[in-house]
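Please open the model in your viewer and keep the selection panel at hand. This tour suggests what to select at each stop and says what is to be found there.

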Amino acid sequence: MAVAVGTRSLTMAKAISEAIAQEMERDERVFVMGEDIGQYGGIFGATEGLLGQFGPERVMDTPISEAGFIGAATGAAAEGMRPIVELMFVDFFGVCMDSIYNHLAKNTYMSGGNVRLPVVLTMAVGGGYNDAAQHSQCLWATFAHVPGLKVVVPSNAYDAKGLMTEAIRDDNPVVFMFHKGIMGLPWMGYFEGATVAVPEEQYTIPFGQANVVREGSDVTIVTLSQMVQKAAVAAEELARDGIDAEIVDLRTLVPLDTETVLESVRKTRRLLVADEDYLSFGLSGEIAALVGENLDSITLRSPIRRIAVPDVPIPYSRPLEQRVIPQVESITDAVRALVATSLS
Amino acid sequence: MATKTARPIDAHAEPTKEQLLWMYETMLVIRQYEETMVNVYLEGKLPPNIQQGLAFDIGSGPVPGEMHLAAGQEPVAVGVCAHLRDDDTVVGTHRPHHFAIAKGVPLDAMTAELFGKATGLSRGKGGHMHLFDVEHKFSCSGIEGASMPPATGAALAAKKQGRDSVAVAFFGEGAANQGTFHEALNLAGLWQLPVVFVCEDNGWAISVPKSASTAVASNAQRGAAYGIPGVDIGENDPIAVFKAAGEAVARARSGGGPTIIEVKTDRLLGHFQGDGEVYRPKEVVDALREADPIPVLAEKLRAAGIDNAGIDELHERASKRVDDAYDFARSSPYPEPDEALEHVFI
C-alpha cells in the first residue's frame, strides 16, 4: 500500500469525512443527505464536521424517510447533482429497497445509458457488539447481486479516503459500506490496523483493484472490510506455527478484481474465503466459483474452504453472536484444517 | 404483576381509583426499571476495564449493544395499556420497555432477555429491541416505522376471526415519516380495523427535532387524510392519555374503526445510553425533569384520598419487582453457543 511517509494517522471515520469535505470544496454539485448526518456528524462519524464547514443547504438532515430521500437522491442525480446519501445501517435497507434495487441500480440501464446517476450511498455494516439481528448485518452480497451498483467495502482509513473520492467522482451509483468495528469510534471495540497514515491531499484508488495486504505462500485468505484486520491478526498467529498466509483485501466487490484472486491462489494453491456476510448464495460462494471455473490454470492442494455467518440471523446474546460471526480464531482454525487436508 | 382484574375497563370515564393506582404503580416500575438499567448498562463499559483508547465500549458488560430507555414516556404506555386485555395486541418500538411492562410482559423473562440469558423471552436471541411475548401479545422491532403494519394485521385477524380484541401500534414522531405509517393508516381506515395508532412525540428523532422532520404540527392531523379520527394530547399526562385511549379502544372494540392519538411526551435520557446529546442543552433536559409526570400523578393520588403510606407501599413493591427481575437475570445461565443455530425455522 503506497502511503506517503510522515502523513497523519486518521481513523476511517475521519478519512471518509475528509474525502467528502475535499470533494465538496472541489465540486459544488456534491451534497450530503441522511439521518443525523448534520450536527450529530453521522451516528458513526462519517460526516463529522461537514455541517459546520458547508452549512445546512449542502449537509441536510432528513426525516426518517429512507424510501423518500434515497429516491430523491436518485432524482437529484438525474438532474445534475452529485448526492452522497447515508442509510444509517445497511439493515434499514428493507424500507427503501425499491428506491435502491429497482431505480438507482436500473435506471441507467433501462434508459440505454442516457440517465446518469452519480450517487454515493453510504451505510454502516457489521456486527460484533451485540446489536442483534436488525443492526449487525453486512449484506454486501445483496447489493453486489443486483446489476447496476458498484460496491465498495474498505478495510482501513487510507483505502477509505481514496475509494470515497473515487466514488464521488464516479458517474454511476456506488454503495459505500463502512464497518462500524473499524471506524475508530471511541465507543466501540476496534482493530488497530484500520487507523493508518492518510495523506492530506486528495487521491483516488481505482475500483476493481484488490490489495495483497500480506504476502504468503501456503494459503490465500480472500477477505474484506473488518475481516481483513481479523485475518491480519490470524496470519501473525499462523506464522508462529510456520503457516505463511497471503491476505487479499478485495476492497471493491463490484467491480471484482478476479485476476488478483486467481494469481494468489495459483501461487499458494489453497483458498480460504473469510466473510462476515451470510454463507449461502453470497460472496464466499462467488469467490469459490471463480476459482472453480479456473481450475485449468490452478492446481489446488486442498479443498476450498469458506467461513461466514452460518445462515442464521445475528443473535443478540454474546456467546451466540460470537458463535456465528467469524472471529480471529475461526480463521486460524480454518486455515489449520485447510493445510492439514489434501485433495484425494 | 398487572392482572386483568387490576385494570377494569370503563372506557369513557375518568380513571377509577383502582386504575389510577395501577397506572401509578406501573409508572414506578417502568421508571425504576429504566433507571436501574442506566447503571447496569454502564457496568464493564468504562475505562480501565475496556480496550485501551476507548472512552466507552458498547459491546462490553452484562448488557451489551444499544440501549434505548423510556424514562419520562411512562404516561403514554400506562394511559393506553390501562384499557387493554391480555388478548389485545401491542406492537412497540426500538424503545420498548415501558410498553412491554404496561402490557404485562413478565419482568423476569424480559430482563433475562436483555442480559442475553437462556431464561429470557427468546433465550437471548432477540435482545432489548426485539422482545417477543406471544402469551401477552407483545412484540417490537428495531426498525423505525415497523409497528403500524403488523398492528394493522393483528386488527385484521381479530376482525376476520370475529373477536372483539384490538391492536395498538406505538411509534415515535420520527417514525411517522416512514411510508409504512401512511400505508397502514390508509389500510386501517379503508377496512375500518380495530386498531389504535399511538404516536409518542418526544420531540427528537435521535438528534433531529420534530420541527425539522415533520411538515405538520401534529401527526393526529394526518388521520384526516385516511378518514381516521385524530386526537392530539399536548401534555405528558397519563390521565389525559387514559381518557383519549379509552374512547379510541372502545371505538375499535365496538367496530367503529381506527383512531390516531399523538401524545407530547418527554425523553429524559439520551436516544441511547452513551448519547452525548450534543443536539440539546442540558438545561432543556433539566426542565423536562421539572415536569416529571410521576410526582404530578402522586399529587393526584393524594387528592383522591391515598395517603403517603399507601404511596410508599407502591414504591416499595415496584422496587422489589424490579430488583427481583435484575437478580433473576444476573443469576441465570447463558445459552449454549450452538443454540445460535436453532430456530431459523420451526
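The stops below go from whole chains to domains, then to a helix pair, the contact between chains and a few backbone details.

This is a predicted model, in which local features need pLDDT of at least 70 and side-chain atom pairs count only at pLDDT 80 or more, while totals for chains, interfaces and linings use all residues. Residues are numbered from 1 along each chain as its sequence is written, and chains are lettered from A, with ligands numbered from 1, in the order in which they are written.

**Whole chains**

Select chain A and colour it by secondary structure: it holds 12 helices and 14 strands, where helices (H or I, at least four residues) and strands (E, at least two) are DSSP runs numbered from the N terminus. The C-alpha trace of chain A spans about 60 × 45 × 40 Å along its principal axes. Its radius of gyration is 20 Å, which agrees with the value near 20 Å expected of a compact globule with 344 residues; the radius is taken over C-alpha atoms, and the globule rule is 2.2 Å times the number of residues to the power 0.38.

Switch to chain B, which has 10 helices and 9 strands. Its radius of gyration is 20 Å, close to the 20 Å that the rule gives for 346 residues, so chain B is as compact as a globular protein of that length. The C-alpha trace of chain B spans about 60 × 50 × 40 Å along its principal axes.

**The two domains of chain A**

Select residues 8-198 of chain A as domain 1 and 211-340 as domain 2; these bounds come from an automatic or database domain assignment. The domain centres, taken over C-alpha atoms, are separated by 26 Å. Across the boundary, 28 residues of domain 1 are in contact with 22 residues of domain 2, contact meaning that the C-beta atoms, placed from the backbone, lie within 7 Å. On the domain 1 side, α6 (140-145), β6 (150-152) and α7 (157-169) each supply at least two residues. That side divides into 16 nonpolar, 10 polar and 2 charged residues, with Ala, Val, Leu, Ile, Met, Phe, Trp, Tyr, Cys and Pro counted as nonpolar, Asp, Glu, Lys and Arg as charged, and the others, Gly among them, as polar.

**A helix pair in chain A**

Keep α7(A) and add α1(A), residues 12-26: the two pack at an angle of about 30 degrees with their axes 8 Å apart. Axes here are lines fitted to C-alpha atoms, for helices over the stretch in contact, and angles run from 0 to 180 degrees between N-to-C directions. The helices are therefore roughly parallel to each other, a term for angles under 35 degrees. To see the contact, show side chains including A:Met12, A:Ile16 and A:Glu23 of α1(A), and A:Ala160, A:Met164 and A:Ile168 of α7(A).

**Where the chains touch**

Display both chains: 35 residues of chain A are in contact with 45 residues of chain B. Helix α11 (residues 318-324) of chain A gives the largest share of the chain A side, 5 residues.

**Backbone details**

Zoom to A:Pro255, in the loop between β12 (252-254) and α9 (258-268) of chain A, where the peptide bond from A:Val254 is cis, with omega near 0 degrees. In chain B, a cis peptide bond joins B:Pro47 and B:Pro48, with omega about 5 degrees. Finish at B:Ile206, a residue other than glycine whose phi is positive, near 50 degrees.

Key
Contact = placed C-beta atoms within 7 Å. Parallel < 35°, antiparallel > 145°, perpendicular 65-115°, else oblique.
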